[in-house]
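Reader: I would like a close look at one part of this model. Please keep it brisk and take me through the details.

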Amino acid sequence: KIIANSDGSLVNIGYSTSILRAPDNEVLGAVEVFYDLTKLKRLEREMARISTLAALGRMAATIAHEVRNPLGAVSGFAALLGRDIDDNDPRKKLITKITSGVASLNKFVNGLLDFTREPRLQMMPVNLDELIDEAIENVTDDNKTQRVEIEKYIEHDLATYPLDKDCFRQIMINL
């Protein structure tokens, strides 16, 4: 049962009731004992969350394994092709695109695996202007065929801030 505490917070309570009887079995009254289950319920929710994350972790590991094997082959074949094609050949750009695509998919798979783990942020001073420009360039390059146009309006130069560069770049790309 959930009740409101004197400060308005919700408290999970349990209770047990016992009948008080005299030696001749006459009912004298009842005793009701209440106990706070809030911590127990919180632990149950946390255990359920941990169990879900563990299942997601196993699923992510399986997906990573199944995706990385063919990606390794594609990457290897692209490297072989790149070795045999002259740097001035226009097909060299296509090989670079394949290699970049494989790297992007590998990064996605790593992100999927990271999703099920506790985050380990790599905090460092990062110039936000440069990072935003990188994210815009990345999105623009990926969407040239869709004619996506991105304009950046910032009234003043942004400072350098301590943050995880890869996480922030991904946030910008997602936006």
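Author: What follows is a walk through the N-terminal part of the chain. This is a predicted model, where local features need pLDDT of at least 70, side-chain atom pairs count only at pLDDT 80 or more, and totals for chains, interfaces and linings use all residues. Residues are numbered from 1 along each chain as its sequence is written, and side-chain values use heavy atoms, with hydrogens and water left out.

Start with Lys-1. Lys-1 sits in the segment before strand S1 (2-4); strands are DSSP E runs of at least two residues, helices H or I runs of at least four, numbered from the N terminus. Lys-1 is exposed because its relative accessibility is 65%. The classes are buried under 20%, exposed over 50% and partly exposed in between, with a 1.4 Å probe and protein chains only. Beyond its neighbours within four places in sequence, Lys-1 is in contact (heavy atoms within 4.5 Å) with Val-11, Asn-12 and Ile-13.

Next, the hairpin. Strands S2 (residues 10-21) and S3 (residues 27-36) pair in the antiparallel sense over 9 bridges. Pairing takes at least two DSSP bridges between two strands. Ile-19 has Ala-30 in S3 as its bridge partner. Between the strands lie 5 residues, and Asn-25 in this hairpin takes a positive phi near 75°.

Now Thr-38. Thr-38 lies in helix H1 (residues 38-84). Thr-38 counts as buried because its relative accessibility is 16%. Setting aside neighbours within four places in sequence, Thr-38 is in contact with Val-11 and Asn-12. Val-11 and Asn-12 are also among the contacts of Lys-1.
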